[in-house]
Amino acid sequence: MIRLSAALALALAIAACSPNTEAVSTAPAGSTPGEGMGGATLADFKTDTVMKDLMAHVVDFNAFAVWHNQGWVIDETGVHELFPIDEAGWVAAESAAFTLAEVSNTLLLPNRPPDDDRRWVDWANQLYTAAKKAQATALAKDKQAFFDAGGEIYDACVACHNHYVQGDDPGKPAKLPPLPNRTPPPQNQ
Ligand code: HEC
């Protein structure tokens, strides 16, 4: 049996010397100070959840709610689709993709990026773009495009893990990324 299933800079320029309670504005130049942040201050970001838990219980959970709803299983009885078969299923898949997109922003909350490397931000944004594509294509019930977006989500996970988890830097300990295998579709698919 062959199983084919797709497994800012949050422009919070945190001034190094700002006290924790100071309002940070993300408002465009020329607008009222504080606009866009409401009354929120840096102290209002609740980031006590550690990255490992955020990944395992929030990012991974929603990614699999996308991946488990796409692809094909080919066996001796033919080709079986893994895509949702009713409206509720598509709504669930779309919502998981939407959740994943929004969760990508939480990777950028103050104290979440492990270093000042801009690539962390780019990979989080890559996840956002891919997840929004999955959301839109699930809404359209476009199976192939939804499947492809699932692959793009996977690429974003792997890109960040290759650097931050697996460790492509000399001197960084190598840790295997705990991700599912994704078998590419055969040529004639
Ligand atoms: C911007 C970087 C980044 C992106 C994007 C990212 N991850 Fe992670 N992920 C990490 C880091 C860093 C860790 C290691 C956390 C630790 O062990 O402290 C991790 C760890 C994990 C873990 C292991 C958790 C555990 O219990 O040890 C899982 C599972 C995971 N990520 C799934 C995913 C999936 C699925 C995606 C894509 C949908 C994804 N990640 C996208 C950075 C990222």
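Let's start with M55. At 22% relative accessibility, M55 counts as partly exposed. Keep in mind that this is a predicted model.

Why start there? M55 is an iron ligand. Its SD atom coordinates the iron atom of the ligand, and so does NE2 of H161, at 2.0 to 2.3 Å. H161 is buried, at 14% relative accessible area. The cut-off for buried is under 20%, so M55 at 22% falls outside that class.

Now the geometry. The iron site has 6 donor atoms, with angles of 86 to 178 degrees among them, and is octahedral. For six octahedral donors, the ideal angles are 90 or 180 degrees.

Where do the two residues sit? M55 is in helix α1, residues 51-67, and H161 is in helix α4, residues 143-164. They are 106 residues apart in sequence, so this pair ties together distant stretches.

Next, the aromatics. The structure holds 8 aromatic pairs. Take F64 and W67: edge-to-face, 5.1 Å centre to centre, 85 degrees between the planes. Both are in helix α1, 3 residues apart, so about one helical turn separates them. F64 is partly exposed at 21%. W67 is buried at 1%.

Then W123 and Y164. This pair is edge-to-face too, at 6.2 Å centre to centre and 85 degrees between the planes. W123 is in helix α3, residues 118-139, and Y164 is in helix α4, so the contact links parts 41 residues apart. W123 is buried at 16%. Y164 is buried at 15%.

Last item. Ring pairs also join W72, F83, W90, F146 and F147 into a cluster.

How values were computed
Residues numbered from 1 in each chain as written. Predicted model: local features only at pLDDT ≥ 70, side-chain atom pairs only at ≥ 80, totals over all residues. Heavy atoms only, no water. Donors = N, O, S within 2.8 Å, 3.2 Å for Na, K, Ca; no water. Tetrahedral: all angles 85-135°; square planar, octahedral: opposite > 155°, others 65-115°. Helix = DSSP H or I, 4+ residues; strand = E, 2+ residues; numbered from the N terminus. Buried < 20%, exposed > 50% of the residue type's maximum accessible area, 1.4 Å probe, protein only. Phe/Tyr/Trp six-rings, centres within 6.5 Å; stacked < 30°, edge-to-face > 60°.
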